[in-house]
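Hi,

Here's the structure I promised to pass on. Have a look at it first, and my notes on what turned up are just underneath.

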Amino acid sequence: MRLKPDRFNYLINDDPYVEPQRSLVKIGSAFARVYRLSRHDQHVAGPSAQRLDRYTRDHSPLTFLLVHGIGLSATYMLPLAERLSRYGQVFLVDLPGFGDLPAPEKALTIGDFAEILSEVLDINGIDHPILVGHSMGAQIVVEMLASHPQNFQRAALIGPPVFNQERSPGWVIARYSQSSIWERPSLIHIALWSYVRAATVWMARIMPRVLSYPIEERISQAHPDAHIVFIRGEHDYLAPVQWLEFLAHKVGRSKIVTIPGAAHSTLYNDDREVSRHIISLIPGTES
């Protein structure tokens with residue numbers, strides 16, 4: 001693992017939110033970009049703020065890890081991250097091959113992404129974080145829950161794919177298009193820019209892994225005490241309520257939330273409402 005300076009990202013610096021600390025991390029042959037928001041050290045956050053490494057462990061009692069969907073980067077999760085930073089530190093990660101990061105030579109599996117994120121948390125000394133995954137990121141979070149049940153037991157899954165009765169490229173494209181009608185126009189701008197930077201070739205190599213990932217089997221391997229909140233938009237046709245009910249029955253403690261008027265990317269359009277349900281995973285705040 002090695003760290004090196006990150007380059008300027010205008011999408012981050014132009015937004016009205018607290019600028020996160022950033023690091024570029026190399027794990028194996030893959031690069032991931034890590035952002036960290038913490039209201040406890042806003043006064044020192046900035047382009048030259050301290051980097052994250054194994055020798056600078058933050059023993060914050062509460063950490064959120066936000067994992068983005070396929071083709072996107074952490075940028076669209078910043079509004080949600082800013083809200084969650086009121087309760088603890090927040091880690092966001094640009095996964096290898098997404099954003100403007102180089103794609104590894106081999107197409108990574110959902111398990112590969114999960115191990116990279118587990119390593120990122122480990123080298124930063126993070127124990128028992130609250131995992132938040134959107135779309136493909138929800139699959140990665142489920143894999144972390146299944147692979148490391150002793151380390152990860154709280155999670156929010158937002159629009160987890162792929163509905164087992166519609167597991168084909170045609171159905172996914174149709175449902176995504178159906179949901180997109182209800183998305184906010186500014187998200188479409190962010191998504192298009194992220195898709196260009198991710199390169200469609202890399203997305204095409206990863207998509208088969210997303211379609212074949214057995215999320216309904218892997219979620220059964222989560223810790224018996226795992227607490228999971230399932231979140232979907234009212235118009236999220238990729239994650240219908242019967243699919244979330246099917247998944248929820250496989251874990252010990254769960255809750256299903258439908259955000260009225262929202263679509264697949266409800267975490268961007270409704271960050272206030274989504275954050276309220278995520279913090280219900282904190283003991284003593286259950287609603």
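Glu 166 is buried, at 11% relative accessible area. In this predicted model, the Glu 166 side chain pairs with that of Arg 175 in a salt bridge, with 2.8 Å from N to O. There's also a small network to look at: Arg 33, Asp 94 and Asp 100 are linked by salt bridges that share partners.

How many salt bridges does a search of the whole structure find? The count is nine. As a reminder, side chains of opposite charge can pair when their charged atoms come close. Two more of these pairs are worth pulling up on your screen.

One is Arg 86 with Glu 82, whose side chains meet at 3.5 Å, N to O. The two partners fall into separate classes: Glu 82 is buried, since its relative accessible area of 11% is under the 20% cut-off, while Arg 86 has 48% relative accessibility and counts as partly exposed. Arg 86 stays out of the exposed class because that one starts over 50%.

The other is Asp 112 with Lys 106, again a side-chain salt bridge listed at 3.5 Å from N to O. Here Lys 106 is exposed, with a relative accessible area of 52%, and Asp 112 is partly exposed at 23%. So Lys 106 lies over the 50% cut-off, and Asp 112 sits between the two limits of 20% and 50%.

Next, a helix. Which residues of H11 are buried? H11 runs over residues 271–278, and the buried ones are Asp 271, Val 274, Ser 275, His 277 and Ile 278. They cover an arc of only 160° around the axis, so these residues are on the same side of H11. If you look down the helix axis, that's the arc to pick out.

And now the whole chain. The protein has 11 helices and nine strands. It is 287 residues in length, and 56% of them count as buried. The accessible surface comes to about 12100 Å², with carbon and sulfur atoms making up 53% of that. On contacts, I took residues at least 6 apart in sequence: 76% of those contacts join residues at least 24 apart.

If you only have a minute, I'd start with Glu 166 and Arg 175, then go to the network of Arg 33, Asp 94 and Asp 100, and finish with the buried side of H11.

Cheers

Conventions
Residues numbered from 1 in each chain as written. Predicted model: local features only at pLDDT ≥ 70, side-chain atom pairs only at ≥ 80, totals over all residues. Heavy atoms only, no water. Helix = DSSP H or I, 4+ residues; strand = E, 2+ residues; numbered from the N terminus. Buried < 20%, exposed > 50% of the residue type's maximum accessible area, 1.4 Å probe, protein only. Contact = heavy atoms within 4.5 Å. Areas by Shrake-Rupley, 256 points an atom, 1.4 Å probe, with all protein chains shown as cover. Arc of directions from axis to C-beta. Salt bridge = Lys/Arg side-chain N within 4 Å of Asp/Glu carboxyl O.
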